[in-house]
Amino acid sequence: MKLNSIATVMLAAALAPAAKAWDGPTMGWSSWNTYYIDINDSLIIRQAETMAKSGLKDAGYNHINIDDGYFGGRDKTTGKLLIHPKRFPRGLRPVVDKIHSLGLKAGIYSDAGMNTCGCKYNNDTIATGVGLFGHEKEDAEFLFRDLGFDFIKIDYCGASISGNNDFRSYNPKDRYTAIAEAIEATGRNDVKVNVCRWNYPGTWVSDVATSWRVTHDIYSDWKSVRKIILESLYLSAYAGEGHYNDMDMLEVGHSMSEQEDRTHFAMWCMMTSPLLIGCDMTTLKPETFKLLTNKELIAINQDPLGLQPYVVRHDLKDNTYVLVKDLEKRNGTVRAVAFFNPNDSAVRISVDLAALELGGNARVRDAIYKRDLKAIKDNGILEAEVPARGCMVYRISADRRLPRRLYEAETAFLTSYQEIYDPEFCGTAYYAPDPECSGGMKVTKLGYRPDNDLIWKDVYCEKPGFHDIRIKCASFPEKARLYVSANDGRGTLLSKKDASDNTLTLRLPLNEGFNAIRLYNDYGPMPEIDYMEVD
Ligand code: GLA
């Protein structure tokens, strides 16, 4: 290439709008929450047509996901997956083609083991033996190469001991990795995989999936929504770069009150969860449509950074939460803030602008009610009366970003974190409530192995050089030791004799921008960690 044409290409690249580095959480519709296994082709097509023409597609919803219920067994001689002869008499191809012709993406469902959840719990006996176990290659080729599906949710009923024919115990990482490899081998590298293991499966899941369920099944009741929100609050370290914690399909539009539906949708948006509508889109009430198409909440869900918010303030007395995440630019001046009131009575929630690391004057936009609020002056307070079972979601744009000093342990990444097996038995660290700790939470059971460590991956510094670090431990047994390192540098060994009032003080060399500070002990126990402060 000639020099001037190289320059033209470079100039064009510089002028082109920056490509979004990854997709936001999946938006769309899924059949399960309304129809369970009673699905059929015309029903699915009607939902797709409604999404395309009602304004839902314009609002960003673009997946039509067929959940459990389409299976028709397997061919006895070839093992080929069969499609339900009555529910989908023409097979799945015409359904996928129709979905695609509407400019939408098509999603499908299967199981990492032998059987589906529907055959276990919904008496869908025709689905016995239809799971992916032992059929990874041929099913992946059928679903993605031949039929053209773009998304798959992979359940686990048929791989759990009670759900497979041999009562065998499988390793979820091995099962999901084998399936992800089979999908990749079809040549389709654009298929989105959703792991459905009903709790956070472990940090390996980011390598095989773009989203993963973090709780058991949702149902249309405030108790369920509240429980899912509370169980998802301390998982922010595991989301990002196109990978999301999935709080389950939406129950908006079913039987909850308007307030409960609003909190449900607004919190799913704030938490950067996938947004899969679960009700019948052809009979949406106007207020449900309005809520589901709230552009300002959706923008907070689909923000290009793809970050999950963390709890910046948990009021233990009032039992309320303030959550925060950066929007548009990491460590910039625009942040989303949510007040969450899980209680059955209204509570006044407030937070200092400085605690949100924002300075100068701040403009506040209420994203739920789409209104500008009174700007907050420097050093001011953001406050609101939050209704029972309610939340507020704000987009705040301030003059300045203040340096972050406090890093709670419950916002850190734990390399061995998982919620499938009892962490006490398998020796994996976890986040635990402790009313004596800042934010009411700590990290416990760290150490004994290199990968049972704690890492704050987002320690932001304006000035490079040595910084004072204080690590507050929730408890510090005599035998406990920890090494502290910055950016994979040399670790500093510390023990109880180095602590004063369970607080360790040290100096670490940090870079300008983001740093990773790691706490570890390969050989024995570590203290319980409450938080870290960085000067
Ligand atoms: C499990 C999943 C649900 C749904 C059903 C289908 O329970 O968690 O979301 O897919 O299986 O049988």
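**Exercise 1. Find which helix and which strand each supply at least two residues of the shell around the ligand, and describe that shell.**

Step 1. Helices (H or I, at least four residues) and strands (E, at least two) are DSSP runs, numbered from the N terminus; with these in hand, α5 (117-121) and β6 (151-155) are found each to supply at least two residues of the shell.

Step 2. This is a predicted model, in which local features need pLDDT of at least 70 and side-chain atom pairs count only at pLDDT 80 or more, while totals for chains, interfaces and linings use all residues. Residues are numbered from 1 along each chain as its sequence is written, and side-chain values use heavy atoms, with hydrogens and water left out.

Step 3. Among the 13 residues around the ligand (a heavy atom within 4 Å of it), D67, D68, K153, D155 and D217 come nearest.

Step 4. Polar contacts here are pairs of N or O atoms within 3.5 Å: a polar side-chain atom of D67 lies 2.8 Å from a ligand oxygen, and one of W198 lies 3.1 Å from a ligand oxygen.

**Exercise 2. Decide where the buried residues of α9 (residues 222-232) lie around the helix.**

Step 1. Taking buried as under 20% relative accessible area and exposed as over 50% (1.4 Å probe, protein chains only), the buried residues are W222, S224, V225, I228, I229 and S232.

Step 2. Seen down the axis, these residues fall within an arc of 165° (directions from the helix axis to the C-beta atoms), so they line one face of α9.

Step 3. On the other side of α9, K223 and K227 are exposed.

Definitions and conventions:
Polar contact = N/O pair within 3.5 Å; in protein donor to acceptor, adjacent residues only side chain to side chain.
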